[in-house]
Amino acid sequence: MDRPTSTGQASARRAPLLRLGTKATALFIISLCLPLVWHAHLLQERLGSAASLAGLPPLELMLALCLLALPFVVLRLLRIDWQAGR
């Protein structure tokens with residue numbers, strides 16, 4: 001009878017859907033962050049540099065949070081190993 005695996009044990013990694021080198025992975029991550037940079041730039045132009053996140057309308061705050069999570073979600077879905085040293 002097989003022993004059940006505990007959640008603390010390392011599971012086998014699935015093969016990545018997209019194989020990139022180290023430099024290409026870094027450029028890919030930077031390109032995924034560009035929509036957030038663009039959105040922050042638009043907010044700064046409209047609200048000024050002294051504005052806080054508390055003053056944002058809920059929809060714009062939600063958009064900023066989604067754009068912040070975008071790189072991590074895409075990397076997870078494509079199974080790209082962005083922490084190869086770990």
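**A tour starting from histidine 39**

Select histidine 39 to begin: apart from its neighbours within four places in sequence, this residue is in contact (heavy atoms within 4.5 Å) with Glu60, Leu63, Ala64 and Leu67. The model is a predicted one, in which local features need pLDDT of at least 70 and side-chain atom pairs count only at pLDDT 80 or more, while totals for chains, interfaces and linings use all residues. Residues are numbered from 1 along each chain as its sequence is written, and side-chain values use heavy atoms, with hydrogens and water left out.

Staying with histidine 39, you will find that it belongs to helix α1, helices being DSSP runs of H or I with at least four residues, numbered from the N terminus. Histidine 39 has a relative accessible area of 7% and is therefore buried, a word that stands for under 20%, with exposed for over 50% and partly exposed in between (1.4 Å probe, protein chains only).

Next, select leucine 34, which lies in helix α1, residues 22-47; its relative accessible area is 49%, so leucine 34 counts as partly exposed. Add Leu27, Ile30 and Val37 to the selection, and you have with Leu34 a nonpolar surface patch whose accessible area comes to about 410 Å² together. Such a patch takes residues with over 30% relative accessible area and no salt bridge, nonpolar side chains (Val, Leu, Ile, Met, Phe, Trp, Tyr) being joined within 5 Å and like charges within 9 Å; a salt bridge is a side-chain nitrogen of Lys or Arg within 4 Å of a carboxyl oxygen of Asp or Glu. Accessible areas come from the Shrake-Rupley method with a 1.4 Å probe, and for residues only the protein chains shown count as cover.

Finally, show the whole chain, which has 2 helices and 0 strands, and in which buried residues make up 14% of the 86 residues.
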